[in-house]
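Dear colleague,

Please find below the structure that I am handing over to you. A summary of what was found in it follows directly after.

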Amino acid sequence: MNTRHVIRDIAFTIPMAFVVAALVTYVYSLIAHGVGVVDWETAFQLGLVLGIVLPLTRRRSNAR
């Protein structure tokens, strides 16, 4: 597992996961409550956690 590739994948995945989580919380808030509000805390947490876990899991499954 090349560390440089993993770090690059993490750096790419964190912003993507953040944007997707922000859009999902906005759409959910719009549908469920009638007010389009982004839950920034949840979007940041999901972006950070998924941005780290997904590339590591992908690399580990490809290594087998």
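A salt bridge is counted here when a side-chain nitrogen of Lys or Arg lies within 4 Å of a carboxyl oxygen of Asp or Glu. By that criterion, R8, D9 and R59 are linked in a network of salt bridges. Please bear in mind throughout that this is a predicted model.

I begin with the overall form. The chain has 2 helices and 0 strands. Its C-alpha trace spans about 45 × 20 × 10 Å along the principal axes. The radius of gyration is 14 Å, whereas a compact globule of 64 residues would have a value near 11 Å. Of the contacts between residues at least 6 apart in sequence, 62% join residues at least 24 apart.

As to the surface, the chain exposes about 5000 Å², and carbon and sulfur atoms supply 69% of that area. Buried residues account for 20% of the 64 residues in the chain.

The salt bridges deserve a fuller description. A search of the whole structure finds 2 of them. In one, D9 pairs with R8, and the closest N and O atoms are 3.6 Å apart. In the other, D9 pairs with R59, with the closest N and O atoms 2.7 Å apart. This D9–R59 pair links distant parts of the chain: D9 belongs to helix α1 (residues 3-33) and R59 to helix α2 (residues 40-63), the two being 50 residues apart.

Are these two partners buried or exposed? D9 has a relative accessible area of 15%, and because buried means under 20%, D9 counts as buried. R59, at 24%, is partly exposed, since that class lies between the 20% limit and the 50% above which a residue is called exposed.

The other finding concerns nonpolar side chains. Which residues make up the nonpolar surface patch? F44, L48, V49, I52, V53 and L56 form it, and the patch covers about 500 Å². One of these residues, I52, is found in helix α2. With a relative accessibility of 36%, I52 counts as partly exposed. I52 can therefore be included in a patch, for which a residue needs over 30% relative accessible area.

In short, helix α1 and helix α2 are linked by the salt bridge between D9 and R59, and a nonpolar patch that includes I52 lies on the surface.

Yours sincerely

How values were computed: Residues are numbered from 1 along each chain as its sequence is written. This is a predicted model: local features need pLDDT of at least 70, side-chain atom pairs count only at pLDDT 80 or more; totals for chains, interfaces and linings use all residues. Side-chain values use heavy atoms; hydrogens and water are left out. Helices (H or I, at least four residues) and strands (E, at least two) are DSSP runs, numbered from the N terminus. The radius of gyration is taken over C-alpha atoms; the globule rule is 2.2 Å times the number of residues to the power 0.38. Buried means under 20% relative accessible area, exposed over 50%, partly exposed in between (1.4 Å probe, protein chains only). Contact means heavy atoms within 4.5 Å. Accessible areas come from the Shrake-Rupley method with a 1.4 Å probe; for residues, only the protein chains shown count as cover. Patches are made of residues with over 30% relative accessible area and no salt bridge: like charges are joined within 9 Å, nonpolar side chains (Val, Leu, Ile, Met, Phe, Trp, Tyr) within 5 Å.
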